[in-house]
Amino acid sequence: MNVSDFEKIYITSDTHFHHSKISLYCNRGYDLKSDSEILKMNSDILSKFDRLEDDGKTLIIHLGDFAYGDISKKDIRDLVKVIKGNSRKLLFVIGNHDREIYSKLNEGEDIVTFYKSVGFDYVSDGPYSFNKDIIMSHE
């Protein structure tokens, strides 16, 4: 992947899709005691991505903790699909909660292959370096 291929680069992390207890750690403004509230939180986060350009020249970098809790591989695939839209690319740096999700859902594949299989375009299992000056990590 060559970062210079993209006109716009957006960076995010810790979306914690499906995490029913995230409100214990940060104030997201949701009472996550019901599935409908969890789905509303997910939907509200996803709506932010809808505002981004979808012209094939946009890269979204997610620095880990994409999801957590009671989530399926299909759920992750569906979330990734919405974020990517028609032509946005998605680089994913694996976080600690992503390792837990992988340990529950993998079918024998390695962690990078698992996350590529749900739609991430680029996956890094550890810090990602664009060049010697920029290193991105979940740590």
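**Start with the sheet.** Select the four strands β1, β2, β3 and β4: they form an open sheet in just that order, with parallel pairing. The strands at the edges are β1 (8–12) and β4 (122–124); each has a single partner strand, so one side of each is left without a neighbour in the sheet. Look along the sheet and compare directions: neighbouring strands are turned by 15 degrees against each other on average, direction ignored. Keep in mind as you click around that this is a predicted model.

**Next, β1 and β2.** Colour residues 58–62, which are strand β2. β1 and β2 pair in the parallel sense, over 5 bridges. Two pairs worth showing as sticks: Tyr10 sits opposite Ile60 in β2, and Ile11 is opposite Ile61, also in β2. In a regular strand, side chains alternate between the two faces of the sheet.

Now add helix α1, residues 35–50. Together, β1, α1 and β2 make a right-handed β-α-β unit.

**Stop at His18.** You'll find His18 in the loop between β1 and α1. Is His18 buried or exposed? His18 counts as buried, because its relative accessibility is 15% and the cut-off for buried is under 20%. To see what is around His18, select its contacts beyond four places in sequence: Ile38, Leu39, Met41, Asn42, Tyr68, Gly69, Asp70, Ile71, Asp75 and Leu79.

**Move on to β3.** Strand β3 covers residues 89–93. β2 and β3 run parallel and are joined by 4 bridges. To get from β2 to β3, the chain passes through helix α2 (residues 73–84), and this β-α-β crossover is right-handed. Go back to Ile60 for a moment: besides facing Tyr10, Ile60 stands opposite Leu90 in β3.

Try a surface view here. In β3, 4 of the 5 residues are buried, so the strand is largely enclosed by the rest of the structure.

**Zoom in on Phe92.** Phe92 lies in β3 and is buried, with a relative accessible area of 0%. Which residues does Phe92 touch, leaving aside neighbours within four places in sequence? They are His62, Gly64, Phe66, Asp98, Tyr115, Phe120, Tyr122, Val123 and Ser124. For a distance to draw in the viewer, pick the C-alpha atoms of Phe92 and Lys104: the two residues are 12 apart in sequence and 19 Å apart in space.

**Finish the sheet at β4.** β3 and β4 run parallel too, joined by 3 bridges. Show Val93 together with Ser124, its bridge partner in β4. Ser124 is also one of the residues in contact with Phe92.

**Zoom out.** Show the whole chain as a cartoon and trace it from the N terminus: the elements run β-α-β-α-β-α-α-β-β-β, which gives 4 helices and 6 strands. Along its principal axes, the C-alpha trace spans about 45 × 35 × 25 Å. A compact globule with 139 residues would have a radius of gyration near 14 Å, and the chain's 15 Å agrees with that.

Switch on the surface for the last stop. The chain's accessible surface comes to about 7,700 Å², and 48% of that belongs to carbon and sulfur atoms. Of the 139 residues, 40% count as buried. Finally, turn on contacts: among those between residues at least 6 apart in sequence, 71% join residues at least 24 apart.

Conventions. Residues are numbered from 1 along each chain as its sequence is written. This is a predicted model: local features need pLDDT of at least 70, side-chain atom pairs count only at pLDDT 80 or more; totals for chains, interfaces and linings use all residues. Side-chain values use heavy atoms; hydrogens and water are left out. Two strands pair if DSSP finds at least two bridges between them. Axes are lines fitted to C-alpha atoms, for helices over the stretch in contact, and angles run from 0 to 180 degrees between N-to-C directions. A crossover is right-handed if, with the strands pointing away from the viewer, the path from the first strand over the helix to the second runs clockwise. Buried means under 20% relative accessible area, exposed over 50%, partly exposed in between (1.4 Å probe, protein chains only). Contact means heavy atoms within 4.5 Å. The radius of gyration is taken over C-alpha atoms; the globule rule is 2.2 Å times the number of residues to the power 0.38. Accessible areas come from the Shrake-Rupley method with a 1.4 Å probe; for residues, only the protein chains shown count as cover.
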